[in-house]
Amino acid sequence: MEQCKISSLYTLEETIARELLAPLTYPWEALPKIGDFIKALGPNLDPAIYEQRGENIWVAKSASVAPTASLNGPLIIDENAEIRHCAFIRGNAIVGKGAVVGNSTELKNVVLFNKVQVPHYNYVGDSILGYKSHMGAGSITSNVKSDKTLVIVKGREGAIETGLKKFGAMLGDEVEVGCGSILNPGSVIGPHSNIYPLSSVRGVVSANSIYKNQNEIVEKI
C-alpha cells in the first residue's frame, strides 16, 4: 500500500534516524532495528554536542532533562528536546530535536521525529511518530493484540502481514491525535490527519483526513 510507505509518511530530513529508515519500504520494518542503530550511531555523535550519560545513552547538551525522569538505553535524546518530570524512557528510543516527552509519559522502542509532542500521560510503544506530530493528553498506542497474534496492517487497498507481535502506530508528519484516544495495534495515520478525541483507531487512515469514528473519516477541505 503506497500510503503506508516511508516515502509517503515522513520527511526523513527531520530525524537523526534517517539512515535507519531510508533503506526500508515500510516504517514498521525499522522496529526490530532501533536498538542496534542507536548503539552504532551513539559513539560517533559529536562530543561537542552530545554527552554520554550511561551505557548506550547519549543526550544532547542543549536538551532539558528533569532530574525525576528515568532514562534507560539504548537511547538518543537530540538537541533542544525536553524530557519532563517523571517521564519514563524504557530504552530503544530516539527523541528528536525539539521534541517534548511529558509528565508520566512512557516510551519504549520508538522513533520520535523532530518537534514531536507527547506531553501528557501518553504511552508510546513500538511506534514511529513523524515530524511535528502530537498526541493529546492520555492518548496511547496499544502495541499488542489481545489474542497475542501477529499484527496485520489493514487498509482499503488490502492487508500487509508485518510478522510483528508488537506494533503500535505509525504517525505521519503533523498528525494530531485527540485526547484520550487509543491507536490500536497496526494503526497507520497519514500525514496532516486529525483524530477526534476519545477515538479507537484501527487500520489505515489516509493523509489529510479527519477521523471522527471508524465509519466516518472525511477528507480535509
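Here is a short chat about a predicted model, covering its aromatic pairs, its core, its salt bridges and one hairpin.

Visitor: Hi! How many aromatic pairs does the structure hold?
Guide: Hello! The structure holds three aromatic pairs. One of them is formed by Y10 and F113, which are stacked, with 4.9 Å centre to centre and 20 degrees between the planes.

Visitor: Where do Y10 and F113 lie?
Guide: Y10 is in the loop between α1 (6-9) and α2 (18-21), while F113 is in the loop between β10 (106-112) and β11 (117-120), so the pair ties together parts 103 residues apart in sequence.

Visitor: Is Y10 buried or exposed?
Guide: Y10 is buried, at 7% relative accessible area. F113 is buried too, at 0%.

Visitor: What about W28 and F167, how are their rings placed?
Guide: Their ring centres are 5.5 Å apart and the planes are at 35 degrees, so this pair is tilted. It links distant parts of the chain, 139 residues apart: W28 sits in the loop between α2 and α3 (34-41), and F167 in the loop between β16 and β17 (169-171). W28 is buried at 3% relative accessibility, and F167 is buried at 0%. Together with Y26, these two form one aromatic cluster.

Visitor: Which residues have the most contacts inside the largest nonpolar core?
Guide: W28 and V95 do, in a core of 67 residues.

Visitor: And what does W28 touch?
Guide: Leaving out residues up to four places away in sequence, W28 touches C4, V153, I160, T162, L164, F167, M170 and V188.

Visitor: V153 and I160 caught my eye. How do strands β15 and β16 run?
Guide: They run antiparallel, with four bridges joining β15 (residues 152-155) to β16 (residues 158-161). The hairpin between them passes through two residues, and G155 has G158 as its bridge partner.

Visitor: Switching topic: how many salt bridges are there?
Guide: There are eight. Among them is D126 with K108, whose closest N and O atoms are 2.6 Å apart. D126 lies in strand β12 (residues 123-129) and K108 in strand β10, so the pair ties together parts 18 residues apart in sequence.

Visitor: Are D126 and K108 buried or exposed?
Guide: Both are buried. In another salt bridge, K5 and E2 meet at 3.2 Å, N to O; K5 is partly exposed at 25% relative accessible area, and E2 is partly exposed at 46%.

Visitor: What else is there among the salt bridges?
Guide: K212 pairs with E216, with the closest N and O atoms 3.8 Å apart. K212 is partly exposed at 30%, as is E216 at 35%. Then D78, E79 and K97 are joined into one network by salt bridges that share partners.

Note on methods
Residues are numbered from 1 along each chain as its sequence is written. This is a predicted model: local features need pLDDT of at least 70, side-chain atom pairs count only at pLDDT 80 or more; totals for chains, interfaces and linings use all residues. Side-chain values use heavy atoms; hydrogens and water are left out. Two strands pair if DSSP finds at least two bridges between them. Rings of Phe, Tyr and Trp (its six-membered ring) pair if their centres lie within 6.5 Å; planes under 30 degrees apart count as stacked, over 60 as edge-to-face and the rest as tilted. Buried means under 20% relative accessible area, exposed over 50%, partly exposed in between (1.4 Å probe, protein chains only). A nonpolar core is a set of buried Ala, Val, Leu, Ile, Met, Phe, Trp, Tyr and Cys residues joined through side-chain atoms within 4.5 Å. Contact means heavy atoms within 4.5 Å. A salt bridge is a side-chain nitrogen of Lys or Arg within 4 Å of a carboxyl oxygen of Asp or Glu.
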